[in-house]
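Hi,

Here is the structure I promised to pass on. Have a look at it first, and then read my notes below.

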Amino acid sequence: MRRPLAALGLAYLLVAGLVFAGGPLVVTGPAATAPGLAFVWPSGAPIRYTVDSGPLSVNPSGQTKITNAQGLTRVQNLFNNWHNVSTAAISYSYAGPITGVSGGDVKSMADFNTVQGSCKNGTQNPVIFDSNGSLLKSLGLDPLIIGFASTCKLDPVAGHIVSALILLNGQFQDGVTNQNTNNFELTADQFDEAITHEMGHFSGLGHSQINLDLFQSGAFGSCDTDRLAGLPLMFPIAFCQARKSVGLPILSPDDAAWISKLYPSSTFSTSYGAISGYVYFSDGMTQMQGANVIARRVDDPTTTTIDESRRIAFSAVSGFKFTWNPGQAVSGDNAAGASTGSRDPGLIGYYEIPVTPGQYTVQIEAIDHDFRGGSGVGPIPVPSFLPGPQEFWHKYQSAIDDTTAKDIVTVAAGPPVSNINFILNGTPPRFDSNEDGLISQGISQRPFLVCVIRRRWIFGASAGVSL
């Protein structure tokens, strides 16, 4: 029997109502000075975090497998994966042991509640070691969760992350595999990648979807190097072997691009360009929320051993700056809508992808329908099915075009290449026959949004590793 893959933590676990996007984890809402921008940590100073004083991992016999000193060094090294991106200006600083609990060691549910409360108050940004998985069990969570990150407090006006926390489940590093007790082991590299993913959420990154066919093919644990190279570390499900095991950097091009977009260094503007546009329904005027847009580097035929179109790819979700819930006055209980996301109708269906200079094809696809809630991609909590077939961009977009036709987009460093717009094929009319007369009389109609019902979702172990 194939060993079940473990479920990773849900990024929204301790904070409800976040906007998950291909790019930023959550964007500012109506209260912000600048709505529709990513929530980020304030610039100018390192992000200070405290660390649990207990061991990172203890086996069922009570033997310490990873000491506190080893765990602390590991946490510092993993944060450096994001800090070391040359085009990103983000840094982290160890601020000492966790405060508020005896000895700085979070051992019980009461300890966790105390530390979580201090995080919600903005007092500290704790990194918690659950050395044997007992904290997760006390919280009533799936024991197959490797770790989770949560934004504890946001400044809705300034658009800043005030505090956040991370929990690491050391049971996955205890040297024991016992399927009967749901005790599974990961390699050190697999565990480190999972925690680096959570540190991405801690830093303000959401999930990204690229090379989805690799996941859908069922190639769990044995992924080809080209597609693994382009698979974001911030992909919602961890299912491949560790990137390091095949000589790849821990961050994909998409990961490095988005951390740089959120925290641009002085070299970002000379190292990245962008591709932007809108996704429209077949009428060519109604914008669509929630389509995944991917820019792929054109493959170089002279490099016969690698496929650049698989390795170098970047993504964003249409409408990622707009709110998933603009509110409505009909029911009487949702007048204001969500506190996050812009209300500017000009951002409905809009996408913008940071890319390195080069030649690209651009395509759209649906978000996988299993990616929802804490494993969501894009602004809509439950993914929309793509109303028409997935298709490439070309210069003569229409509702009846060849979806496989593609034109090349050449990008230089600096401002975006704009108006790379898509018109979907085969979507229903915007209005029914009883409303057509309103259009002919010139009466304005408001663009419609895809209606969704929000729900929570935790993946089963057999499906892969939920991040």
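Let's start with a small one: which residue does Asp105 form a salt bridge with, and how far apart are the closest N and O atoms? The partner is Lys107, and the closest N and O atoms are 4.0 Å apart. Before you read on, keep in mind that this is a predicted model. The cut-off for a salt bridge is within 4 Å. The two ends of this pair sit in contrasting surroundings: Asp105 is buried, with a relative accessible area of 15%, whereas Lys107 is exposed at 60%.

Salt bridges

The structure holds 8 salt bridges. One of them pairs Asp192 with Arg74, with 2.7 Å between the closest N and O atoms. This pair links distant parts of the chain, since Asp192 belongs to helix H4 (residues 188–203) and Arg74 to helix H1 (residues 68–83), 118 residues apart. Both Asp192 and Arg74 are buried.

Another one worth a look is Glu352 with Lys261, where the closest N and O atoms are 3.2 Å apart. Glu352 is in strand E12 (residues 350–355) and Lys261 is in helix H7 (residues 253–262), so this salt bridge ties together parts that lie 91 residues apart in sequence. What about burial? Glu352 has 12% relative accessibility and therefore counts as buried, while Lys261 is partly exposed, with a relative accessible area of 33%.

There is also a network to click through: Asp213, Asp224, Arg227 and Arg310 are joined into one by salt bridges that share partners.

Helix H7

Since Lys261 brought us to H7, let's stay there for a moment. Why can H7 be called largely enclosed by the rest of the structure? Because 8 of its 10 residues are buried. The buried ones are Asp254, Asp255, Ala256, Ala257, Trp258, Ile259, Ser260 and Leu262. What do they pack against? The buried residues of H7 pack against H1, H4, helix H8 (268–271), strand E11 (313–317) and E12. You have already met some of these elements: H4 and H1 carry Asp192 and Arg74, and E12 carries Glu352.

Disulfides

The count here comes to 2 disulfides. With the bonded cysteines numbered in sequence order, the pairing is 1-2, 3-4.

In one of them, Cys119 is joined to Cys152, S to S 2.0 Å. The torsion about the S-S bond is about 95°, so this disulfide is right-handed. Cys119 lies in helix H2 (residues 109–120) and Cys152 in strand E6 (residues 147–155), so the link ties together parts that are 33 residues apart in sequence. Both Cys119 and Cys152 are buried.

Then there is Cys223 with Cys240, their sulfur atoms 1.9 Å apart. Is the link of Cys223 and Cys240 right-handed or left-handed? With -90° about the S-S bond, the link is left-handed. Cys223 is in the loop between helix H5 (212–216) and helix H6 (225–230), and Cys240 is in the loop between strand E8 (237–238) and H7, so this disulfide ties together parts that are 17 residues apart in sequence. Cys223 is buried at a relative accessible area of 6%, and Cys240 is buried too, at 14%.

That's what I have for now.

Cheers

Notes. Residues numbered from 1 in each chain as written. Predicted model: local features only at pLDDT ≥ 70, side-chain atom pairs only at ≥ 80, totals over all residues. Heavy atoms only, no water. Salt bridge = Lys/Arg side-chain N within 4 Å of Asp/Glu carboxyl O. Helix = DSSP H or I, 4+ residues; strand = E, 2+ residues; numbered from the N terminus. Buried < 20%, exposed > 50% of the residue type's maximum accessible area, 1.4 Å probe, protein only. Disulfide = S-S within 2.5 Å. Contact = heavy atoms within 4.5 Å.
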